[in-house]
Every structure is written in C-alpha cells, then in structure tokens.
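Let's take a friendly walk through this structure, from its surface to its core. Keep the sequence and the 3D view side by side as you read.

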Amino acid sequence: MAKEWFTVKECLALPGYPKTAPSVRERLNQLAKDKPDFIRKRKGSKAWEYHISLFPLYVRPWLLDEPVYGRVEEEGALPLEETWRSIFRQLTAEQKQRAITLFNSEGIRALLPAVISNDGREC
C-alpha cells in the first residue's frame, strides 16, 4: 500500500510549494480547512500529517516518488498552473483588472496575442 500521510517536512521540496516550513504548513492548513479528517497528529511526535487527497493532482507523483511523464527536474521549475498564478501575482491591481476585463470581453486571443496567432495556431 502506498504512503498516504505526509508531514510539512516531507513537503518542503514539492514543486510550486513554498520553501519554508511555516509557509508550507500554512498552505496545507488552508487546504485542510474544511476537511478535518485529512489532518492528524503523527503518533509519537509533535508533527502533524496531511492526507495525500488534500494535495493537487500534479503534486501527488512527487509525494509518492513515482515517475512523471514530462517532469522537469530543474531547480525552480513550476507546474503550469503555478506558473500562471506566479505571472498573475506579479501584475499590479490595475493590470489584473485590465487582463480580466480583456479576457472576459475578447477572449484568450486578445489577452495573449504573442502566444496564440491570429489564424488559431499556437506559436
């Protein structure tokens, strides 16, 4: 049977996750906020454990040390969803609002013209 419970310390190297224990703990506690059955105290320890079902699907293979097709092993490489979040976080409040308005009114082609060409083919 595969391992199901993980501590904050075991999650420090997960892709797209913070690199400090307090930040990882905060993220995991947020994920477990409405799911008390997915967090427990590790027996014989002060550590808390978090059930694998709390983690996003892209993280689970790293937790289970399974091979991942197309996995990038480079330092600092982020999964796609986390990359988009990182890009969005770097925008100012005004830029975020403009991007949302543009996307809602004209779609992805208007928002990312350099990525998606006018003829519908990706660059």
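Starting from the outside, the protein exposes about 9,300 Å², and carbon and sulfur atoms supply 56% of that area. Accessible areas here come from the Shrake-Rupley method with a 1.4 Å probe, and for residues only the protein chains shown count as cover. What you see is a predicted model, in which local features need pLDDT of at least 70 and side-chain atom pairs count only at pLDDT 80 or more, while totals for chains, interfaces and linings use all residues. Residues are numbered from 1 along each chain as its sequence is written, and side-chain values use heavy atoms, with hydrogens and water left out.

Now trace the chain. The protein has five helices and three strands, in the order β-α-β-β-α-α-α-α from the N terminus. Helices (H or I, at least four residues) and strands (E, at least two) are DSSP runs, numbered from the N terminus.

Next, look inside. Of the 123 residues, 24% are buried, meaning under 20% relative accessible area, with over 50% called exposed and anything in between partly exposed. The largest nonpolar core (buried Ala, Val, Leu, Ile, Met, Phe, Trp, Tyr and Cys residues joined through side-chain atoms within 4.5 Å) has 14 residues. Among those with the most contacts inside it are Cys11, Phe55 and Leu63. Leaving aside neighbours within four places in sequence, Leu63 is in contact (heavy atoms within 4.5 Å) with Phe6, Cys11, Leu14, Ile52 and Phe55.

Finally, find Pro15 in the loop between strand E1 (5-7) and helix H1 (21-31). Pro15 is buried, with a relative accessible area of 10%. Its C-alpha atom is separated by 7.0 Å from that of Val59, 44 residues apart along the chain.

Key
Buried means under 20% relative accessible area, exposed over 50%, partly exposed in between (1.4 Å probe, protein chains only).
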